[in-house]
Amino acid sequence: MEHELSCEIVRDLLPSYTEGLTSGVTNTAIEAHLGGCADCASALARMREPEIQQSAPAPEVDYLKKVRRHSTGRSLIIGIFLMVLGMSLLAFRFFYVGNALDASELIFHVSVEGDTVTVRGAVAGSSGLGVSRVTFADSAGIVQVKVYGTLATFFNSGDFSASYTAQSPIGQVRADDLILWENGVAISATAARLFAETNPFVGDMPANNRIAAVLGIADQFGPYTNALQTKAAPYGWTLLLETPIAADDEAAARGMMAADAYAMLASIENLGYVTWQYSTPSGAREYTVTAEDATAFAGKPIKDFARSASEMHTLLQSLSFKWSGVREAPREDDVFYLNIRNACSDTIYGVGVRYYLDGKLMGSGGFINADETPLSVDEEASFDFTPQDFPDGTSAMQLYGFRFDLYVTDEAGRETIVRRSVPISARYAWTYRYTLSGDYANGFSLREG
């Protein structure tokens, strides 16, 4: 055939032929060749077979989509897990770990039996803090207490109670630099703070001011200024009171001045005398208390009381002068509180007080549960006193003569006297804390703190 095509040309034309793109003349030539060439006919047959693998890329795309969806889901789960973990860690940090509270922010009740110390207490005032945990550490007979606080919540109140068994006999229990218990004596709040502020030199006025703050001198007498005599012994501290003292209050005021001066002379090692300068309706007055006066009152050198917290506690107890009291800001300025904590081993149903001023009965009050159930251990009976509880015109100085009797009641309402004529130098905005213990068989007792 004149125009017979070669195998090479047919192979080149086959793709177009299968797509129907060649002319009729070309088709005739290709078909004539295919009729006599088995190889080219086989090549055409292969071209016309279905392309089974053309859909293979789709599953690959679907697989990638599945991987992406799986990765996105896993990332979301991981993100949620990390968020929950972070919130849990924050909650653990803020509601359990907390921050260490300063001992001055706390009220403590400490008891020791054998090698076990029990600490109860509360956050002072209305700070909005709750106690998250209490830790202990002991070394060489000293047990150190640390209280941690967080924001108060429904599961985190401002009260705390914890016990600890020491590895050796206990000589002291401390919170920061405050000695709370020493050699069998629970130290009152004022004694602990005063002992922590003992000062070797009266010339250190910032240290003197801290002692005056512990004693509440400004609360007693109002604003005042200071003058020091440090040129030669005996060294002296003069307090110049700015608020006049009424004639009827002068005797009580001098009693308060003497008690404060004894504590100041004990707390400042080289202080030889304390002078008070004040005015009365009849003129200016000056009242000086010397170290010799304080020693005569105490029955031993006044400086000896600064040797230990328990010695300081003994001195302040002998002064019968507000030493269980603590100013708890933001307490109201026209009310003071008498709080009695129940630590009795017998069941009691109530606590009552009769209170006096300068020996005259002013009134009485009782504390019972509304449902008439017994008082629980560590339950606190609180009595508040306002100017309306005293005769009109009773001055802050006259509250120095405040006394109270304490009694407990049984289920039938029968009274058992615990203690009579307990003296405190009451002043508004202060809280006076006592612990009631004992039983009917052996008698009840009342201690400060």
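# Close-up views of the predicted model

**Figure 1. Residues Cys7, Val10, Leu13, Leu14 and Tyr17 of helix H1 meet Thr26, Asn27, Ile30, Glu31, His33 and Leu34 of helix H2.** This view, like those that follow, is taken from a predicted model. Helix H1 covers residues 7–18 and helix H2 covers residues 24–36. Their axes lie 10 Å apart and form an angle of about 120 degrees, which makes H1 oblique to H2. The angle falls outside the range of 65 to 115 degrees for a roughly perpendicular pair and is not over 145 degrees, the limit for a roughly antiparallel one, so the term oblique applies. The two helices cross in a left-handed manner. Sorted by class, the residues in this contact are 7 nonpolar, 3 polar and 1 charged.

**Figure 2. Helices H8 and H10 cross at roughly 165 degrees.** Helix H8 spans residues 250–267, helix H10 spans residues 309–319, and their axes come within 10 Å of each other. Because angles over 145 degrees count as roughly antiparallel, H8 and H10 are assigned to that category. The crossing of H8 past H10 is right-handed. On the H8 side, the contact is formed by Ala259, Tyr262, Ala263, Ala266 and Ser267. Their counterparts in H10 are Met312, Leu315, Leu316 and Leu319. By class, this contact holds 8 nonpolar residues and 1 polar residue, with no charged residues.

**Figure 3. Asparagine 199 is a buried loop residue.** The loop in question connects helix H5 (189–196) with helix H6 (205–215). Asparagine 199 has a relative accessible area of 5% and is classed as buried because this value is under 20%. Leaving aside residues up to four places away in sequence, asparagine 199 touches Asp204, Ala207, Asn208 and Ile211, together with Ser267, Ile268 and Glu269. Of these, Ser267 belongs to H8 and also takes part in the contact with H10.

**Figure 4. Strands S2, S3 and S6 form an open sheet with antiparallel pairing.** The sheet has 3 strands, arranged in the order S2-S3-S6. Strand S2 (106–113) and strand S6 (159–165) are the edge strands, each pairing on one side only. On average, and with direction ignored, neighbouring strands of the sheet are turned by 15 degrees against each other. S2 and strand S3 (residues 116–123) run antiparallel and are joined by 8 bridges. One of the residues in this pairing is leucine 106, whose bridge partner in S3 is valine 123.

**Figure 5. Strand S18 has a covered face and an uncovered face.** Ala381, Phe383 and Phe385 make up the covered face, whereas Glu380, Ser382 and Asp384 make up the uncovered one. In a regular strand, side chains alternate between the two faces of the sheet. S18 pairs with strand S15 (residues 336–344) in the antiparallel sense over 6 bridges. Within this pairing, phenylalanine 383 of S18 stands opposite leucine 338. Phenylalanine 383 thus belongs both to the covered face and to the pairing shown here.

**Figure 6. Alanine 140 and glutamate 372 have positive phi values although neither is a glycine.** The phi of alanine 140 is about 55 degrees. Alanine 140 is placed in the loop between strand S4 (129–139) and strand S5 (142–151). With a relative accessibility of 77%, alanine 140 is counted as exposed, because this value is over 50%. For glutamate 372, phi is near 65 degrees. Glutamate 372 sits in the loop between strand S17 (360–368) and strand S18 (380–385). Its relative accessibility of 63% places glutamate 372 among exposed residues as well.

**Figure 7. A cis peptide bond links alanine 233 to proline 234.** The omega angle of this bond is near 0 degrees. Proline 234 lies in the loop that runs between strand S10 (224–229) and strand S11 (235–241).

**Figure 8. The whole protein comprises 10 helices and 22 strands.** This overview sets the close-ups in context. Buried residues account for 42% of the 449 residues. Of the contacts between residues at least 6 apart in sequence, 65% join residues at least 24 apart.

Notes
Residues are numbered from 1 along each chain as its sequence is written. This is a predicted model: local features need pLDDT of at least 70, side-chain atom pairs count only at pLDDT 80 or more; totals for chains, interfaces and linings use all residues. Side-chain values use heavy atoms; hydrogens and water are left out. Helices (H or I, at least four residues) and strands (E, at least two) are DSSP runs, numbered from the N terminus. Buried means under 20% relative accessible area, exposed over 50%, partly exposed in between (1.4 Å probe, protein chains only). Two strands pair if DSSP finds at least two bridges between them. Axes are lines fitted to C-alpha atoms, for helices over the stretch in contact, and angles run from 0 to 180 degrees between N-to-C directions. Angles under 35 degrees count as roughly parallel, over 145 as roughly antiparallel, 65 to 115 as roughly perpendicular and the rest as oblique. A crossing is left-handed if the near helix is turned anticlockwise from the far one by less than a right angle, and right-handed if clockwise. Contact means heavy atoms within 4.5 Å. Ala, Val, Leu, Ile, Met, Phe, Trp, Tyr, Cys and Pro count as nonpolar, Asp, Glu, Lys and Arg as charged, and the others, Gly among them, as polar.
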